[in-house]
Amino acid sequence: LGGYIKTSKALDFFTIFKNDKEYVVWSEISYGISKIANIIKDEGETYNNFKKYVIDLFSKITEYVGFEKRSDERTKDTLLRSLVIYEQALFGNKKIIKECKHIFDNRIVKPIDTDISGIIYKTIAIYGGIKEWKILKDMYESESLHEEKDRIAMALASFKDKKLKEKSLEFIMSNKVRSQDKPFLLCAALMGEKSENITWNFIKRNWKYILEKYGDGKFFIPRIIESLGTLTKTE
C-alpha cells in the first residue's frame with residue numbers, strides 16, 4: 001500500500017487472514033482496503049470487481065460476528081462487529097444491507113443497540129432516498145442525547161445522492177447543528193466522495209464564512225486539508 005509492491009500482491013496477502021478473528025487485524029485490513037478503494041472508486045468495472053473481492057474477503061468474519069451481541073462478548077468483538085458490518089454494507093453486500101434496513105425499520109419495536117446504531121444509520125443514508133433523509137433529519141432534531149445526535153449527524157453527512165448531499169450540507173451549516181460539530185461533519189462529508197466533489201464545492205462556496213467562523217482555530221483548517229487527501233480529482 002506504500003507503493004513498494006503491486007496492489008495485487010497486497011490483496012493476495014489480505015486473504016491469508018480470512019479466518020482470523022482479531023479486531024486489530026481486520027482494522028488494519030480495513031485501513032488498507034479504504035486506501036485502495038479511494039484510488040479506484042471512479043474506475044467502473046475495476047471498482048465493481050474490487051467490491052466483490054472485499055465482500056468475499058469479509059465473508060467468514062461476518063458470519064462470526066453476526067448482528068446480535070453475545071452475553072460473554074469481548075469488547076474487541078463488539079468493535080469488530082461494527083467494522084465488519086460497515087465494510088460489508090459499504091461495498092454492497094445485499095444481504096447485510098437488507099438486514100440493516102430491517103433493523104432500522106423495526107427500531108421502535110426493538111431499539112437499535114448503540115454499538116451498531118451509527119453503522120445502521122450510515123447504511124440507511126448511503127443507500128437511502130428523500131424518505132430516509134427526512135426520517136434521519138427528524139430523528140436528529142428530536143434526539144436529546146448528544147452521542148446519538150452525533151451518530152445520526154454522521155449518517156446525514158454520508159448520503160451519496162447529489163441533491164440529498166447538498167441538503168445535508170445545508171442542514172449541517174444551519175442553526176440546527178452546534179457550531180462545534182460542523183467542522184467534524186463537513187470533514188466526514190468529504191471522506192470517500194467520488195469525482196463530483198459535492199462537499200468540496202460547497203466548502204469553496206462557503207469559504208468566507210468558514211474562515212470567519214473557524215479561521216483562528218488550530219484544528220478545523222488542517223482537518224479540512226487532511227480530508228482533501230481522500231479526493232483523487234478536484235474541480
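**From Ile97 outward through an all-helical model**

Once its neighbours within four places in sequence are left aside, Ile97 is in contact with Ala89, Gly92, Thr123 and Tyr127. Ile97 belongs to helix H6, and because its relative accessibility is 8%, under the 20% cut-off, it counts as buried. These statements, like those that follow, describe a predicted model.

The contact between Ile97 and Thr123 can also be followed from the other side. Thr123 lies in helix H7 and is buried, with a relative accessible area of 1%. Not counting residues up to four places away in sequence, Thr123 touches Ala89, Ile97 and Cys100, so that Ala89 appears in the contact list of Ile97 and in that of Thr123. The C-alpha atoms of Ile97 and Thr123 are 6.9 Å apart, although 26 residues separate the two in sequence; for Thr123 and Cys100, which are 23 residues apart along the chain, the C-alpha separation is 6.9 Å.

Helices H6 and H7 also take part in the second largest pocket, which holds about 270 Å³ of space. Its lining is made up of 15 residues, of which Phe67, Glu68, Ile103, Lys110 and Ile116 are the closest to the centre. The elements that contribute two or more residues to this lining are helix H5 (75-90), helix H6 (94-105) and helix H7 (114-126), with H6 giving the most, at 3 residues. Sorted by class, the lining of this pocket has 7 charged, 5 nonpolar and 3 polar residues.

Further along the chain, helix H10 offers two lysines to set side by side. Lys165 lies in H10 and counts as buried because its relative accessibility is 4%, whereas Lys167, placed in the same helix (residues 162-172), counts as partly exposed because its relative accessibility is 37%. The side chain of Lys165 reaches the backbone oxygen of Ala189 at 3.2 Å. Lys167, leaving aside its neighbours within four places in sequence, is in contact with Ile130 and Trp133. The C-alpha atom of Lys167 is separated by 9.6 Å from that of Ala157, a residue 10 places away along the chain.

Ala189, the partner of Lys165, leads on to helix H11, where it is one of the buried residues. Helix H11 spans residues 182-190, and because 7 of its 9 residues are buried, this helix is largely enclosed by the rest of the structure. The buried residues of H11 are Lys182, Pro183, Leu185, Leu186, Cys187, Ala189 and Leu190, a list that includes a lysine alongside residues such as Leu185 and Leu186.

These local views can now be placed within the whole chain. The protein chain contains 14 helices and 0 strands, and its elements, read from the N terminus on, run α-α-α-α-α-α-α-α-α-α-α-α-α-α. Of its 235 residues, 44% count as buried, among them Ile97, Thr123 and Lys165. Among the contacts between residues at least 6 apart in sequence, 65% join residues at least 24 apart. The pair Ile97 and Thr123, in contact and 26 residues apart in sequence, is an example of such a contact. The accessible surface of the protein chain comes to about 13,300 Å², and 54% of this area belongs to carbon and sulfur atoms.

Definitions and conventions. Residues are numbered from 1 along each chain as its sequence is written. This is a predicted model: local features need pLDDT of at least 70, side-chain atom pairs count only at pLDDT 80 or more; totals for chains, interfaces and linings use all residues. Side-chain values use heavy atoms; hydrogens and water are left out. Helices (H or I, at least four residues) and strands (E, at least two) are DSSP runs, numbered from the N terminus. Buried means under 20% relative accessible area, exposed over 50%, partly exposed in between (1.4 Å probe, protein chains only). Contact means heavy atoms within 4.5 Å. On a 1 Å grid over the protein atoms alone, a cavity is a set of points where a 1.4 Å probe fits but cannot get out, and a pocket is an open set with protein on both sides within 12 Å along at least five of seven lines; lining residues have an atom within 4 Å of a point. Grid points are joined across faces, edges and corners, and a volume is the space filled by probe spheres set on the points. Ala, Val, Leu, Ile, Met, Phe, Trp, Tyr, Cys and Pro count as nonpolar, Asp, Glu, Lys and Arg as charged, and the others, Gly among them, as polar. A polar contact is a pair of N or O atoms within 3.5 Å; within protein, one must be able to donate a hydrogen and the other to accept it, and residues adjacent in sequence count only if both atoms are side-chain atoms. Accessible areas come from the Shrake-Rupley method with a 1.4 Å probe; for residues, only the protein chains shown count as cover.
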